[in-house]
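Let's walk through this model together, one region at a time. Have the sequence and the coordinates open as you read.

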Amino acid sequence: MTIRLVAMDLDDTLLRDDCTISPRVVKAIQKAQMQGVKMTIATGRMPISTRPYAKQLGLDVPVITYHGAMIQQAVSGDILFRRPIPSALASEIVQDVGGRGNYAQIYLKDRVIAQTLNEWSEEYARIASVHIEEADLPGILAQEPEGVEKILVIGEESDLDQLVPLLNQRYGKKVHITKSKPHFLEIIEGTVNKGVALAALAERLGISRQDVMAIGDSFNDLEMIQYAGVGVAMGNARKEIKQQADIVTLTNEEDGVAEAIEQYVLLG
């Protein structure tokens with residue numbers, strides 16, 4: 001087995017806690033690329049929040065954003081794949097979630113919009129380095145013909161855990177619900193996830209499943225870790241993710257991505 005494609009989650013995986021990439025990780029990724037290995041990012045973030053890291057690493061492979069709902073060329077931003085939540089369904093979910101007292105924001109390509117800004121939106125804007133618009137969500141969705149890439153519900157983990165079964169019961173397979181962080185409940189179109197997107201990307205590149213490595217830490221990484229020939233969980237990953245991985249590496253603060261690449265990808 002020779003690894004030819006590596007997909008890396010961003011937050012709490014590729015990025016340290018201060019949202020930077022360590023020099024050791026950068027060096028390992030660049031060395032792998034010099035040896036002909038394709039390196040990509042697979043994240044729940046929106047493209048505009050992903051692009052600076054792709055540029056820093058010099059990635060020349062399409063990147064997976066919105067948990068697999070969109071695949072874009074890393075630098076140019078050309079969209080290769082997009083599967084949004086239909087507007088009518090998104091509007092129903094937003095009103096349902098809001099009616100239960102939860103904060104939600106929607107994503108339209110490189111826009112993120114909330115009904116009312118609050119402390120959750122301020123924290124998200126700080127983490128993701130993006131501007132959040134305040135606007136009438138039902139009005140926006142009524143005018144959007146194609147739909148939205150993602151709905152993000154932010155709240156206390158215990159509240160989100162109570163919300164999940166209610167949403168699953170009401171919307172079933174129409175949407176895929178996952179978590180990227182304890183406080184982030186991510187809702188995307190029902191047929192996509194990071195694993196589906198990674199499989200599509202590998203096929204596009206002519207790379208077989210057993211030659212793919214996927215590295216992540218949270219529930220939204222589970223499908224791609226299960227898909228990959230080598231699934232890697234970070235040392236700081238949720239225990240449920242570690243149990244599903246082939247390998248557990250070091251934490252994001254200990255250069256776990258570099259450790260995995262150096263051990264299992266680099267030649268010589």
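We begin with how the model is read, then visit the sheet, the helices packed on it and a helix with many buried residues.

This is a predicted model, in which local features need pLDDT of at least 70 and side-chain atom pairs count only at pLDDT 80 or more, while totals for chains, interfaces and linings use all residues. Residues are numbered from 1 along each chain as its sequence is written, and side-chain values use heavy atoms, leaving out hydrogens and water.

Start with the open sheet, where six strands follow the order E8-E7-E6-E9-E11-E10 with mixed pairing. Strands (E, at least two residues) and helices (H or I, at least four) are DSSP runs numbered from the N terminus, and two strands pair if DSSP finds at least two bridges between them. E8 (132–134) and E10 (175–181) are the edge strands, each with a single partner, so one side of each has no neighbour in the sheet. From one strand to the next, the twist averages 30 degrees; angles run from 0 to 180 degrees between N-to-C directions, with axes fitted to C-alpha atoms, for helices over the stretch in contact. At one edge, E7 (111–114) runs parallel to E8 over three bridges, and Ala-114 has Glu-134 in E8 as its bridge partner.

Now add the helices. H4 (87–99) packs on the sheet, touching E6, E9, E10 and E11 (contact means heavy atoms within 4.5 Å), and its direction makes about 5 degrees with that of E9. H7 (157–171) lies across E9, E10 and E11, at about 165 degrees to E10.

Finally, look at H3 (47–57), whose buried residues include Arg-51, Tyr-53 and Leu-57; buried means under 20% relative accessible area, exposed over 50%, and partly exposed in between (1.4 Å probe, protein chains only). Among the elements covering them are H1, H2 and H5. After H3 comes Gly-58, with a positive phi near 70 degrees.
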